[in-house]
Amino acid sequence: MSKHRRVWRGGVTLVVAVGVAMGTLTAADLPRKDTTAPAESAARTNASTTTGTADQARLRALLRRLTTVDGGPGALLAMRDRRGSTVLTSGVADVRSHAPVRGDSRFRIGSMTKTFVATVMLQLVGEGRVILDAPVERYLPGVVRGHGNDGRRMTVRQILQHTSGLPDILDHLDPQEIIKNPLAHHDTRDLVKTALAHPPTFKPGTGWSYSSTGYLLAGMIIERVTGRPYGDEIQRRVIDPVGLHATYVPGDASEIPGPHPRGYVRPGEDAPLIDLTALNPSVAGAGGEMISSGADVNRFLNALLRGKLLRPAQLREMMRTRPTGNPDGRAYGLGLESRPLPCGGLYWGHSGDMFGYETVAGATAGGRQATVMVNVDPGGTDAQSADMKAAVRTALCK
């Protein structure tokens, strides 16, 4: 849903008892952490490979680390450049059957959803239907009110860039309740009200703090302006034109269509895994509910950076970043973040956490893309996140 892995992880350390109801997995079901356990494969989608032998060895080592030392059941890395595509996998998609991770797997992409939402919003800006620096109040009158929160004093740009100061809904949800009732519907307006029952983090425009609440509001603005749900607009404006055949805005649908790894939650460091593949993603809404595949995410980022989805002026606005205070140089634009590459320059993309899956994706202006997924979250380690980012950087610097 966002980069709130410590919050969610801390919240689920008390839910081991619900594992009986959710299908807890015993120690015998868990992937072993020796260096021979994970299955590995490389699937090429055309005759040319995108990586040299040395690069593939480094990438395989990172994927193997994700599914051994870092403790993830399975991992996938999809890479693409102008010469072709390659998918590497390690570990298992299902810890009971030990089925390997498929290269065409679909999975929940969490906060990568924000990049799709921001793309649609900026298309509306280009059409003159939304003004970036207009107050949120213009589009959602009376919605953002209370406890110091005021839609008249924050702009559309600020909710897309996390500079609005809005309290983050993820800080005010109980992950135990979500795990106990994973199929429950969550109304977006109710989620917004829950967040707005708390004071803002700072005065709009005076700081930066990640807030999925802003993207719930962004989805509501898209619906207000177009008369259609934000998911329908993503389908019509992004998914269909780019040809993303494994990408969905699921709404209340709890299943992942097509081939997919099981999604697991680890309630504590040595606790058994909980299978949370079936989940009503309305709890994340426009902040993180989408499903996609590595190939589709790469194709989307390529189309976005090549100007196939936004006019030049709006793409420039999306890529106007501000520092986030992260020591790795992360900077945030409008639903799109940049990070420095060790080989020089930047890559653009987003990361995402959603119950059962952690994802990181990036692309360069030169035409390389990489997306990595591990099928455990929350409960993955900080090392897992670091190794996923390292895999993306290595793939983009090859």
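**Reading a run of paired strands**

In the hairpin of E13 and E14, two residues lie between the strands, and Gly356 has a positive phi near 100°. Keep in mind that this is a predicted model.

Q: Where does strand E13 lie, and how many bridges pair E13 with E14?
A: Strand E13 covers residues 346–354. E13 pairs with E14 (residues 357–363) in the antiparallel sense, over seven bridges. Two of the contacts are easy to find: Gly349 has Gly362 as its bridge partner in E14, and Trp348 stands opposite Ala363.

Q: Why is E13 described as largely enclosed by the rest of the structure?
A: Buried means under 20% relative accessible area. Eight of the nine residues of E13 are buried, so the strand is largely enclosed by the rest of the structure.

Q: Which way do the side chains of E14 point?
A: Here is the general idea: in a regular strand, side chains alternate between the two faces of the sheet. In E14, Tyr357, Thr359, Ala361 and Ala363 point one way, while Glu358, Val360 and Gly362 point the other way. All of these residues are buried, and E14 is mostly covered, with seven of its seven residues buried.

Q: Which strands pair with E13 and E14 on their other sides?
A: Strand E12 (residues 337–340) runs antiparallel to E13 and is joined to it by four bridges; Pro340 has Leu346 as its partner in E13. E14 also pairs with E15 (residues 369–374), antiparallel over six bridges, and there Ala363 partners Gln369.

Q: What is the phi of Gly344 and of Gly367 in these hairpins?
A: Gly344, in the hairpin of E12 and E13, takes a positive phi near 105°. Gly367, in the turn between E14 and E15, has a positive phi of about 105°.

Terms used
Residues are numbered from 1 along each chain as its sequence is written. This is a predicted model: local features need pLDDT of at least 70, side-chain atom pairs count only at pLDDT 80 or more; totals for chains, interfaces and linings use all residues. Side-chain values use heavy atoms; hydrogens and water are left out. Buried means under 20% relative accessible area, exposed over 50%, partly exposed in between (1.4 Å probe, protein chains only). Two strands pair if DSSP finds at least two bridges between them.
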